[in-house]
Amino acid sequence: MEKCPDILERIIKKHLELIRMFDYFNDSVKFLSLVQLILTTILFITILMSVQVYRDEYIMYLFFTTVQLELFFLSVFGELIKSESERIFSNLYQTTWYDLSFKDRKAILFMMTITSQPLGLKAAGLYEISLMGFVQILKASLTYSAVILTFTE
C-alpha cells in the first residue's frame, strides 16, 4: 500500500469496468440464451418421448446425450461465473481491511457492497443459467414427456 497508494482506486475502477463489460455481454446474449433454453427443452421432451417409444434405437440415446452435454456446458459456464463473483466478496472480507486507513476501508466496503450481489448469466434477463437450472430443465422435460406419453397411449 505504501508503494502504490492509489491501488484500491484502480482496482475499483477495473472491477466496475468488468461489471459493465459483463452487463454488455449478458445483454447481447440474453435473447439467444432464452431461445436456446426453450429449444433445448423442447428437444429434450421430443427425444425422451422418442426414446420411450423406440427403445431399441440407440441413436436416440446419442441425440439425448449430445443435447444434454451442450446445455450442461453452458450451465457449467454460468455456474463458474456465479461462483467466481461470489468469491470476490469473501476474498475482500478476508483481507486485513482493519489495518488499512479510513479511506481505504471505505473503498473496500464500497467494493464489498458492489460484489454482494453475484454476477451470472441470465436468459432473457430473468432465468439464471446455472447447474440448478440445468437440473430443473431435465426434471421438467422428464415430467412433460411422461405426461404426454400417458395421454397419447
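A residue is termed exposed when its relative accessible area is over 50%. By this criterion F73, at 54% relative accessibility, counts as exposed in the predicted model described here. F72, with a relative accessible area of 31%, is instead partly exposed, because that value lies between the limits of 20% and 50% that bound this class.

The chain comprises 4 helices and 2 strands. Read from the N terminus, these elements follow the order α-α-α-β-β-α, and the two strands therefore stand between the third helix and the last one. The C-alpha atoms occupy a box of roughly 75 × 30 × 25 Å along the principal axes. The radius of gyration of the chain is 22 Å, whereas a compact globule of 153 residues would have a value near 15 Å. Of the 153 residues, 29% are buried. The exposed area of the chain amounts to about 10700 Å², and 67% of this area is supplied by carbon and sulfur atoms. Among contacts with a separation of 6 or more, 75% are accounted for by residues 24 or more positions apart.

Aromatic rings were examined next. The search of the whole structure yields 5 aromatic pairs. One of them joins Y58 and Y61 in a tilted arrangement, with 6.1 Å from centre to centre and 35° between the planes. Both tyrosines belong to helix 2 (residues 58-93), where a spacing of 3 residues places them about one helical turn apart. Y58 is exposed, at a relative accessible area of 62%, while Y61, at 35%, is partly exposed. A further pair is formed by F72 and F73, whose ring centres lie 6.0 Å apart. The planes of F72 and F73 meet at 55°, so this pair is also classed as tilted, since the edge-to-face class requires planes over 60 degrees apart. Ring pairs connect F72 and F73 with F134, and the three residues form a cluster.

Nonpolar side chains also appear at the surface. F31, L32, V35, I38, L39 and I42 together make a nonpolar surface patch of about 590 Å². Within this group, L39 is located in helix 1, which spans residues 7-53. The relative accessible area of L39 is 52%, and L39 is therefore exposed, the cut-off for this class being over 50%.

Definitions and conventions
Residues numbered from 1 in each chain as written. Predicted model: local features only at pLDDT ≥ 70, side-chain atom pairs only at ≥ 80, totals over all residues. Heavy atoms only, no water. Patch = residues over 30% accessible without salt bridge, like charges linked within 9 Å, V, L, I, M, F, W, Y side chains within 5 Å. Areas by Shrake-Rupley, 256 points an atom, 1.4 Å probe, with all protein chains shown as cover. Salt bridge = Lys/Arg side-chain N within 4 Å of Asp/Glu carboxyl O. Buried < 20%, exposed > 50% of the residue type's maximum accessible area, 1.4 Å probe, protein only. Phe/Tyr/Trp six-rings, centres within 6.5 Å; stacked < 30°, edge-to-face > 60°. Rg over C-alpha atoms; globule rule 2.2 N^0.38 Å. Contact = heavy atoms within 4.5 Å.
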